[in-house]
Amino acid sequence: MGLTSKEVQHIANLARLEVSDEQIDDYVEKLTQILDLVDALKKVDTTDLLPLAHPLQMSQRLLADKPTEKNQRDLFQRNAENVEQGLYSVPRVIE
Amino acid sequence: MERLTVARLSAGLRNGEFSSEELTRESLARIEAANPRLNAFITVTGEEALVAARAADQKLARGNAGPLTGIPLAHKDIFCTAGTLTTCGSRMLANFVSPYDATVVSKLADAGIVLVGKTNMDEFAMGSSNETSYFGPVRNPWDLERSPGGSSGGSAAAVAAGLVPAATGTDTGGSIRQPAAFTGITGFKPTYGRVSRYGMVAFASSLDQAGTLTITAEDAALLMEAMAGFDTRDSTSADQAVPAYGSMLDEPLAGKTIGVPREFFDDGLDSGCEQAIRDALDVFSDLGVKIIELTLPHLALSVPAYYIIAPAECSSNLSRYDGIRFGYRHPDACDIDELYTRTRQEGFGAEVKRRIMTGTYVLSAGYYDAYYLQAQKVRRLISDELKRCFEQVDIVAGPTTPTPAFGLGEKTDDPVQMYLNDIYTIAVNLAGTPGVSIPCGFSGKLPVGLQLIGPHFGEATLLNFAHRYQQQTDWHTRTPPPVFTKEASQ
């Protein structure tokens with residue numbers, strides 16, 4: 001089963017990746033090869049099988065609604081390039 | 001070339017044969033001499049290491065040292081280390097200085113290890129050859145034109161070459177066990193949930209697990225005692241007591257059973273590897289272990305199932321890299337969309353982008369059921385088959401890899417060829433069971449790894465089997481040609 005360039009462009013948009021025209025063909029080829037590999041799963045009879053999302057039989061552990069961490073915003077923001085008055089600065093969001 | 005184990009170094013430190021400062025200086029000198037060729041380290045923390053070594057020497061002098069006090073160690077560059085770069089082998093995090101320590105890092109620091117540096121790895125742990133790193137490939141000390149395996153290639157090469165006696169790694173589809181097999185050392189992956197993932201940069205959250213690269217199973221046991229345990233900060237952490245692995249190594253194996261799945265011995269298995277594995281099984285027979293043949297009929301589905309599940313989880317985990325709060329940021333973007341897409345296009349390498357794309361596709365509307373849900377059902381099928389083996393046997397055994405180390409550049413153009421390397425290791429991650437690779441011989445001049453697989457929380461049994469094998473054989477003591485000269489390290 002082959003992917004089209006249009007489908008590759010759509011996936012790239014969903015993943016917020018920029019794929020140039022030069023790169024599209026390579027993506028189509030490589031992704032098609034990978035999807036051919038995983039197509040083997042389609043033939044497996046999985047009726048009555050429950051999906052396995054987690055290897056251990058565990059349910060989500062809950063915590064009491066009490067704060068345990070302290071505010072360390074300045075420490076964490078040291079890794080950001082554009083910070084103004086404790087806010088992350090980004091280019092224009094809305095037209 | 002002297003390559004001493006953690007156990008041997010620990011004894012030497014405690015009886016005053018040498019100091020932690022001396023060991024640390026030796027480790028740093030070897031790294032400096034070897035790294036230009038091996039490229040095993042991304043960051044070397046020389047100054048901090050000497051400070052930690054002196055503190056360790058004081059503890060040793062006072063008599064309140066533990067078994068790991070003063071031992072030089074390297075962390076795979078996927079573990080957050082406060083105040084030091086954590087790059088994950090990626091341009092996306094090439095400037096990232098973590099504000100906190102991973103639980104694995106703080107536990108081992110509390111146990112007294114001396115951190116000498118952060119090791120090179122496939123980008124975001126995606127790869128089986130350590131060729132996808134932004135910082136260049138790592139070379140195999142046994143043959144510098146070959147891959148050391150991946151994604152924990154830097155950790156494996158560093159231990160194999162005697163630069164450090166031990167290093168941490170992570171294993172999502174085989175990334176500890178396969179490099180251990182390619183470099184002739186012991187690579188241990190515990191049960192999913194046994195070691196905390198807090199501060200371990202996420203690739204595929206239901207598969208990732210931290211473990212060890214060491215010369216011996218005994219050393220793996222020493223490190224595991226310090227690393228394992230419940231952590232409230234990891235919601236997938238198992239609330240189970242940590243046994244004293246080190247004291248359970250010597251139990252005799254007579255009367256125990258090993259199961260060998262026939263699917264492990266298919267046409268794809270190199271004949272040199274096969275011979276070494278069969279010889280290893282004979283060693284276990286001589287120790288009184290009964291070897292029986294088993295079947296894992298759906299083993300071949302593990303690669304396709306993994307290459308749907310892991311990319312799907314990775315596409316979700318890597319959506320946090322957007323240039324805003326940390327990491328690489330594309331300069332001069334006109335609007336937010338351009339910032340996101342250019343940052344991610346430029347920050348990530350080709351394999352990572354392929355996996356994000358694959359994962360996004362299989363999770364997208366219209367494809368989720370056919371791919372992701374189906375893969376999760378097949379995951380249950382494969383896990384159940386592997387777990388059922390332990391109703392009949394104590395341990396499952398077979399080769400770790402279909403071939404010994406391949407050449408650098410040999411498989412980089414063909415992602416599917418690269419993926420097929422993981423055929424024997426992946427089922428273990430899908431099931432969440434523990435596994436170890438130990439050296440068991442050579443195929444030509446290249447090391448071969450024997451893989452032992454245990455039931456959930458069967459780490460003690462695995463380490464016991466591995467240790468007893470290492471007491472009967474000397475494959476784990478074989479060293480590659482020195483990558484540095486003694487003169488250079490003086």
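A residue counts as buried here if 20 or more other C-beta atoms lie within 10 Å of its own, with C-beta atoms placed from the backbone. Please keep that in mind for the first helix of chain B. One caution before I go on: this is a predicted model.

So, helix H1 of chain B, residues 6–14. Which of its residues are buried? They are Val6(B), Leu9(B), Ser10(B) and Leu13(B). Looking down the axis of H1(B), you find these buried residues within an arc of 100°, so they line one face of the helix. What do they pack against? On the helical side, the partners in chain B are H2 (20–38), H3 (46–62) and H7 (217–227). Two strands of chain B also take part, S4 (166–170) and S6 (210–214). After H1(B) comes Gly16(B), which has a positive phi, near 75°.

Next, a strand of chain B. S2(B) covers residues 72–76, and five of its five residues are buried, so the strand is largely enclosed by the rest of the structure. Its residues point two ways: Pro72(B), Ala74(B) and Lys76(B) to one side, Leu73(B) and His75(B) to the other. Note that Lys76(B) and His75(B) are among the buried ones. S2(B) pairs with strand S3 of chain B, residues 114–119, in the parallel sense and over five bridges. One of the bridge pairs joins Pro72(B) to Val114(B) in S3(B).

Now the interface. Here 39 residues of chain A are in contact with 53 residues of chain B. On the chain B side, the elements that give two or more residues are H9 (302–317), H10 (336–347), H11 (350–363), H12 (369–389) and H13 (415–419). Which of them gives the most? That is H12(B), with 12 residues. Sorted by class, the chain B side has 30 nonpolar, 13 polar and 10 charged residues.

One helix pair across the interface deserves a closer look. Helix H1 of chain A, residues 5–14, packs on H11(B) at an angle of about 95°, and the axes are 9 Å apart. Angles of 65 to 115 degrees count as roughly perpendicular, and H1(A) and H11(B) are therefore roughly perpendicular to each other. From H1(A), the residues at this crossing are Ile11(A), Ala12(A) and Leu14(A); they meet Met357(B), Thr360(B) and Tyr361(B) of H11(B). By class, this contact has five nonpolar residues, one polar and no charged ones.

That is what I have for today.

Conventions: Residues numbered from 1 in each chain as written. Chains lettered and ligands numbered in written order. Predicted model: local features only at pLDDT ≥ 70, side-chain atom pairs only at ≥ 80, totals over all residues. Contact = placed C-beta atoms within 7 Å. Helix = DSSP H or I, 4+ residues; strand = E, 2+ residues; numbered from the N terminus. Nonpolar A, V, L, I, M, F, W, Y, C, P; charged D, E, K, R; others polar. Axes fitted to C-alpha atoms, helices over the stretch in contact; angles between N-to-C directions. Parallel < 35°, antiparallel > 145°, perpendicular 65-115°, else oblique. Buried ≥ 20, exposed ≤ 12 C-beta atoms within 10 Å, placed from the backbone. Arc of directions from axis to C-beta. Pairing = 2+ DSSP bridges.
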